[in-house]
Amino acid sequence: MSTSIPVSILTGFLGSGKTTLLNRLVRAPGLKDTAIIVNELGEVGLDHLLVAEGDETVVLLDSGCLCCTIANSLPETLADLSFRRACGEVPAFVRVIVETTGLANPAPIVQALMNPPSGSPYRLGGMIATLDALHGAAQLDSHPEALRQAAMA
C-alpha cells in the first residue's frame, strides 16, 4: 500500500458541472479529509461552503475539507500544503482534488504529478472529466480544450 497522497484532477469544459460535482463531493462524509485546490481565475465556486478560518489562499470548508487556490504552480502549492500541514496550520488530509479551469489543458498538471520533485509525497491518483449532457458533443467538436480534457480522462 502506498503512503503517498493521491491527487485527482477534476477537469471539464466551461459550464460542464465541475463545481457542481465538487460541491456534492465535499459534502460526502468520506471526503472530509480532502484538500481541494481550485485552479480558477476569479471567484471560487465554493463560497457558500466557506468558514472564517484560513487566509487568502487556504480556507477550511464546513465539511472539514481544506480548500486553496493555486498561488504559483501546482508543485509549489502542494509543497506549501505539505509545509502547512507539518506545521499544524492546516488539518491533516489523505487526498487532494485539483479542480481546473474550464479552459485548462490538463496535460501539464498530469505531467507535474507523474514527475514530481524529489521527496514529494504526492502522486497522480486519477482524472475525472465532466461533460455537459446537452452541449458536450458540440463542445468536443468545436473546442480543442474540451476534447483534450475528455481524451486525457
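**View 1. Contacts across the whole chain.** Take the contacts in this predicted model between residues at least 6 apart in sequence: 72% of them join residues at least 24 apart. The protein chain has five helices and seven strands. If you trace the sequence from its start, they come in the pattern β-α-β-β-β-β-α-β-α-β-α-α. Of the 153 residues, 37% count as buried. The accessible surface adds up to about 8,100 Å², and carbon and sulfur atoms account for 57% of that.

**View 2. Helix α1 and its covered side.** Here we zoom in on α1, which runs over residues 18-26. Its buried residues are K18, L22, N23 and V26. Around the axis they cover an arc of only 130°, so they sit on the same side of α1. That fits a handy rule: an α-helix has 3.6 residues a turn, so residues three or four places apart point the same way.

**View 3. Strand β2, covered on both faces.** Next up is β2, residues 34-38, where five of the five residues are buried. Which residues lie on each side of the strand? T34, I36 and V38 are on one side, while A35 and I37 are on the other, and both faces are covered.

**View 4. β2 beside strand β6.** Staying with β2, we now bring in β6, made of residues 95-99. The two strands pair in the parallel sense, with five bridges between them. To find your place in the pairing, look for T34, which stands opposite R95 in β6. T34 is also one of the buried residues of β2, on the side it shares with I36 and V38.

**View 5. Helix α2, from end to end.** This helix takes in residues 74-86, 13 residues in total. At 1.5 Å a residue it should span 18 Å, and its end C-alpha atoms are indeed 18 Å apart, so the expected and modelled lengths agree. Just after α2 comes G88, which takes a positive phi of about 80°.

**View 6. The two sides of α2.** Which residues of α2 are buried? They are L74, T77, L78, L81 and R84. Seen down the helix axis, these residues fall within an arc of 125°, so they line one face of α2. Over on the other side, F83 and A86 are exposed. Notice that R84 belongs to the buried set, whereas its neighbour F83 is exposed.

Notes. Residues numbered from 1 in each chain as written. Predicted model: local features only at pLDDT ≥ 70, side-chain atom pairs only at ≥ 80, totals over all residues. Heavy atoms only, no water. Helix = DSSP H or I, 4+ residues; strand = E, 2+ residues; numbered from the N terminus. Expected span 1.5 Å × (residues − 1). Buried < 20%, exposed > 50% of the residue type's maximum accessible area, 1.4 Å probe, protein only. Arc of directions from axis to C-beta. Pairing = 2+ DSSP bridges. Contact = heavy atoms within 4.5 Å. Areas by Shrake-Rupley, 256 points an atom, 1.4 Å probe, with all protein chains shown as cover.
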